[in-house]
Amino acid sequence: MMNEQRREFIKKTALGVFAGFGVASGLVPAFSLEKTVLPAWDEKPVPGKIRWGMLIDMRKCKEDCQQCAAVCHHVHNVPDFRNKKDEVKWMWKNPYQNVFPTASQQFVSKEIKDRSCLALCNHCAESPCTKACPTEATFKRWDGIVAMDYHRCIGCRFCMAACPYGSRSFNWQDPRMAIHDPVTTYPTREQGVVEKCNFCSDRLVKGQRPACTEACPEQALTFGDLNDPASDIRQLLETNATMQRKPELGTKPSVFYII
Amino acid sequence: MIEKALKGNRSYWIWIAFLIAVIGIGLSAYNQQRWFGLTVTGMGRDISWGLYIAQFTFLVGVAASAVMVVLPYYLHHQKEFAKTVIIGEFMAVSATLMSMLFILADMGRPDRLLNIMLYPSPHSMVFWDLMVLSGYLVMNLVSSWAMLGAERKGAQPPAWVKPLVYLSIPWAFSVHTVTAFLYAGMPGRHLWLTAVLAPRFLASAFAAGTALLILVSLILKRTTGFDTGKEARAKLTVLAAYAGLANIFFLGTEFFTAFYSNVPAYKESLQYLFFGLDGNCQFVPLMWFSLISGVASIGVLLVPKLRNSTKWLVGACSALVLSIWIDKGVGLILGGFVPSPLQEIVEYTPTTTEICVTLGIWSIGILLLTLLLKVFVAVKMANEQ
Amino acid sequence: MEVMMTRSKLLWMIAGSALLLLILFSVFRKGEAETVPAPAPRAVAVDSTKCIAPKEFMRANHMRVLYEWRNSSVREGNRVHVASNGSRFEKSLNTCLGCHSNNRMFCFNCHSYANVKPKCWNCHLSPMETP
């Protein structure tokens, strides 16, 4: 009796697993959980001490290169539904006038006009999305990262309406079906929650840099602490003319651009 | 008192059966949506709210408009509204219920609904909206039910009803103001980012809700013989007309600010809705239909000769409701998403599943209203005999 | 006539509430669960002294531990759990599965028996998915 029940159960769950993560078990040969290590810091962090930021040097960014976005989407199990309506994206490229619609558009040099710019979550210091969230599922972390608590998200999509940068995606359907090359080091999301760039908080905790900055063959992305005047990013901000997206909205983005 | 809803003629039961059938269709469509996700709707990454939130917005307005009879009756002792006031409150009850159901239908994880209460976030307008909506629902249901119960017994209503009704008057304004604040506080959505949104919401709500109330009272008269009175309807007609006028005025001020200032971000959504943007003009015919039918119906309602004829009155009220439904639902919600933050223009067409869920929720609300009004009419008729 | 109506109504009400009580009773009764032993997991011997807390405590409270871990690590950044014997663990589901995934059925056996359906595996990798 018990055995029969168990067999039935195994059959059912195996089916479920096959449906849910079938792609994964088939495609990844060495499939084991990542060994946990103690994080880069020990105690509860002090809020506001660090503010992570990124500087994107568009002069170095190669037009047909999408390496950063590809790596980002790979290491975070971002699904690809291959249709625009259900699209989920953390990092992508769009033409200059789409990414900076309120910046000067008249008589811009052809070089800039034709350039595709990298877009991702700005991790705003004054983030409208965290303000709109009715459950604090999206919240401002101690280190300036606008984080998602997928355990809490109710899928009302208020944050998507509130974000002036289009940085948020909703899981209109089960994302596991559309992860073509899954990794085991990061969880997936589930149907009905909103997701977005997490500034690689999963890698920061291990003392690593964000995946996109490592992936860029041209070293166009600089990541660092905006609160530390000695950091690389602050040095670059000091010595270069930089831009933020839609600064007139007062959101204070933590992502800067050199055009 | 509720047992009075269980006694009715043939057409009453056919109507109930019809509503239940539509609810069934809606439930099965919703089941499909739960299973496959919101991908079964027409919504997508760029237009992330659609028909559901549009209905929600419209219905909160209908709910708030009960104040148009409650206020004159209780504060100004306009006795003509004696027979209409409970109808208005019952309409508010079912409209509030529907609007809450539309929020539920729009959620990706409705099983986590209680998270809004478990992690209350006063910085979020949704939290406040849920508070005022549920408060408004309870307030209206309790006070109107108590009033009707007292009337049935021929007794004075309990003493606590009056204060509750007085509280519900400012509450009605707050319900729709907070709903406007859901949208009006978002940077980067310029169609919504306007201080005139809350006043415009109230104006359109008072126009559409009052027109709907006139229609309901006419339907009651036709189906049950219960008449709320010509004077009450005449007064409501004038209220609806002026509220509609105010709505058109507010829309005009939006146009002026956007097009005279010539700031692209402010212009683009209005341009998309009414004239088309970069060759995309999905909603242009619908918006002009809304504008023209709105203006025309207000014109009819303002001419005494026309509004005194039932035929013209029904036509004008229906056109006004439809006009505001398009303006507030389709135009305001969908227009807010176009162009997207990345300057893209995306089209939106609701799917069959989405429409079925929407009709299902409407049927739930109409069923509730039917039952409540059935009780109401039965009590009134018994008293009159 | 009027009396008949109320009497039949009363009968219906009694029948209805009896049915309701029966359903409630059958849903919430506890009795049998204690008499039938839970299916013992086919344990691959795991050194349970290495766990963050005694076996008995974890059996009853693992969900609370996980809830508290996920809140304090995700939301407050407090990622280190110090056990009563002073040993330190990362607050991560993977810390648990580091040992317990030895038994594929570790989570599922009891959850299926107790008919609880936690949603962990919608996103996280379960021991079932690790070969």
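Along the sequence, chain C of this predicted model runs in the order α-α-α-β-β-α-α. That pattern holds five helices and two strands. Chain C has 131 residues, and 14% of them are buried. Counting contacts in chain C between residues at least 6 apart in sequence, 54% connect residues at least 24 apart.

**Helix 1 of chain B**

Helix 1 of chain B covers residues 10-36, which is 27 residues. With a rise of 1.5 Å a residue the expected span is 39 Å, and the C-alpha atoms at the two ends lie 39 Å apart, so the expected and modelled spans agree. The buried residues in this helix are B:L19, B:G26, B:A29, B:Y30 and B:Q33. The elements they pack against are helix 4 (85-106) and helix 14 (352-384), both of chain B. Directly after helix 1 of chain B comes B:G37, whose phi is positive, at about 95 degrees.

**Strand 1 of chain A**

Strand 1 of chain A spans residues 52-57, and five of its six residues are buried, so the strand is largely enclosed by the rest of the structure. Strand 1 of chain A is bridged to strand 8 and to strand 9 of chain A, as set out below.

| Partner of strand 1 of chain A | Residues | Bridges | Direction | Example pair |
|---|---|---|---|---|
| strand 8 of chain A | 221-225 | five bridges | antiparallel | A:I56 with A:L221 |
| strand 9 of chain A | 255-258 | four bridges | parallel | A:D57 with A:I258 |

In the antiparallel pairing with strand 8 of chain A, A:I56 has A:L221 as its bridge partner. In the parallel pairing with strand 9 of chain A, A:D57 stands opposite A:I258. In a regular strand, side chains alternate between the two faces of the sheet.

**Contact between chains A and B**

The contact draws 40 residues from chain A and 29 residues from chain B. On the side of chain A that touches chain B, the elements giving two or more residues are helix 3 (96-99), helix 5 (128-132), helix 6 (158-162) and strand 6 (169-170) of chain A. Helix 6 of chain A gives the largest share of that side, with four residues. Sorted by class, the side of chain A that touches chain B has 20 nonpolar, 11 polar and nine charged residues.

Terms used: Residues are numbered from 1 along each chain as its sequence is written. Chains are lettered from A and ligands numbered from 1 in the order in which they are written. This is a predicted model: local features need pLDDT of at least 70, side-chain atom pairs count only at pLDDT 80 or more; totals for chains, interfaces and linings use all residues. A residue is buried if 20 or more other C-beta atoms lie within 10 Å of its own, exposed if 12 or fewer, and partly exposed in between; C-beta atoms are placed from the backbone. Two residues are in contact if their C-beta atoms, placed from the backbone, lie within 7 Å. The expected span of a helix is 1.5 Å times one less than its number of residues. Ala, Val, Leu, Ile, Met, Phe, Trp, Tyr, Cys and Pro count as nonpolar, Asp, Glu, Lys and Arg as charged, and the others, Gly among them, as polar. Two strands pair if DSSP finds at least two bridges between them.
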